[in-house]
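Colleague: I'm new to this one. Can you walk me through it?
Modeller: Sure, here it is.

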Amino acid sequence: DNAGSSSGKYYTVQNDIDASATAGWNSGAGFSPIGTNGIVQFMGSFDGNGKVISGLFISRTNQNFVGLFGYVRGDGVVKNLGLTGATVSGKFSVGGLVGRNGGTLSGCSASGTVSGNQAVGGLVGYTYGGRLIGCRAGCAVTGTDVYVGGLVGENDGDALTNCYATGAVSGSNIVGGLV
């Protein structure tokens, strides 16, 4: 709820989280992404502390910037967080962890299924000017349009260091196992 005022704020996960109840939230749309568009973005520091969020459900097929974090801006940091058994669907910029990333992701992982139209990735849908360090994804990724990848759907200049992806990836055009 306070993603727009997250700059300079620090968040730490203390325990593993069973998010399977999110399947029944918001009239079946599931979890509402943290930072949802170009105006409301996550700009803080989120430390997963090596913990895991399991069973996250998001079904927002007409929405852009979809993932646990919908939009992470340049000064935003997400680190040491794992997603397992996630089911995430959206329209444009869809990722298991982050829909659109301009910040730093470090030591993060995602597994489950991710689907959307364009810029669809197992971990991140669309990334620009940020960094991914030591991240991995093991998702079944499906895109109906362009830019579909196992880790990142569309990479617009981000540095990827020590990252990898496993899992089936399918799309109609500009499709890759990693990016």
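Colleague: What radius of gyration does the protein have, against that of a compact globule?
Modeller: The protein has 14 Å, and with 179 residues a compact globule would have a radius of gyration near 16 Å, so the value agrees. The radius is taken over C-alpha atoms, and the globule rule is 2.2 Å times the number of residues to the power 0.38.

Colleague: Anything I should know about the model itself?
Modeller: This is a predicted model: local features need pLDDT of at least 70, side-chain atom pairs count only at pLDDT 80 or more, and totals for chains, interfaces and linings use all residues. Residues are numbered from 1 along each chain as its sequence is written, and side-chain values use heavy atoms, with hydrogens and water left out.

Colleague: What does the C-alpha trace span along its principal axes?
Modeller: About 40 × 35 × 30 Å.

Colleague: How many helices and strands are there?
Modeller: The protein has 0 helices and 20 strands. Helices (H or I, at least four residues) and strands (E, at least two) are DSSP runs, numbered from the N terminus.

Colleague: How much of the protein is buried?
Modeller: Of the 179 residues, 47% count as buried. Buried means under 20% relative accessible area, exposed over 50%, and partly exposed in between (1.4 Å probe, protein chains only).

Colleague: And how much area does the protein expose?
Modeller: About 7,300 Å², with carbon and sulfur atoms supplying 48% of it. Those areas come from the Shrake-Rupley method with a 1.4 Å probe; for residues, only the protein chains shown count as cover.

Colleague: What share of the contacts comes from residues 24 or more positions apart?
Modeller: Such residues account for 81% of the contacts with a separation of 6 or more. Contact means heavy atoms within 4.5 Å.

Colleague: On to the sheets. What order do the strands have in the one with E5?
Modeller: E5-E8-E12-E16, an open sheet of 4 strands with parallel pairing. The edge strands are E5 and E16 (152-156), and each pairs on one side only. From one strand to the next, the twist averages 10°. Axes here are lines fitted to C-alpha atoms, for helices over the stretch in contact, and angles run from 0 to 180 degrees between N-to-C directions.

Colleague: What counts as pairing?
Modeller: Two strands pair if DSSP finds at least two bridges between them. In general, strands of a sheet pair through backbone hydrogen bonds, either parallel or antiparallel.

Colleague: How many bridges link E5 and E8?
Modeller: E5 (residues 69-72) pairs with E8 (residues 98-101) over 3 bridges, in the parallel sense. Val 72 is opposite Asn 101 there.

Colleague: And what does E8 do with E12?
Modeller: E8 and E12 (residues 124-128) also pair in the parallel sense, over 3 bridges. Val 98 has Val 124 as its bridge partner in E12. Asn 101 is opposite Thr 127 in that strand.

Colleague: Which strands stand at the edges of the sheet with E7?
Modeller: That open sheet has 4 strands in the order E7-E11-E15-E20, with parallel pairing. E7 and E20 (173-176) are the edges: each has a single partner strand, so one side of each is left without a neighbour in the sheet. The twist averages 5° from one strand to the next.

Colleague: Which bridges sit inside it?
Modeller: E11 (residues 118-121) and E15 (residues 146-149) run parallel and are joined by 2 bridges. Val 120 has Val 148 as its bridge partner in E15.

Colleague: Back to E7. Is Gly 95 buried or exposed?
Modeller: Gly 95 is buried, at a relative accessible area of 0%. Gly 95 lies in E7 (residues 92-95). Beyond its neighbours within four places in sequence, Gly 95 contacts residues including Val 66, Val 88, Val 114 and Leu 123.

Colleague: And Thr 104, buried or exposed?
Modeller: Thr 104 counts as buried, at 15% relative accessibility. Thr 104 is in strand E9 (residues 104-106). Leaving aside neighbours within four places, its contacts include Val 77, Arg 131 and Ile 133.

Colleague: Last topic. How many disulfides does the structure hold?
Modeller: The structure holds 0 disulfides. Cys 135 is in none; the nearest cysteine sulfur, that of Cys 163, is 4.8 Å away. A disulfide is a pair of cysteine sulfur atoms within 2.5 Å.

Colleague: Why is Cys 139 without a bond?
Modeller: Its closest cysteine sulfur, in Cys 135, is 12 Å away, too far for a bond. Cys 139 is buried, with a relative accessible area of 1%. Cys 135 counts as buried at 1% relative accessibility.
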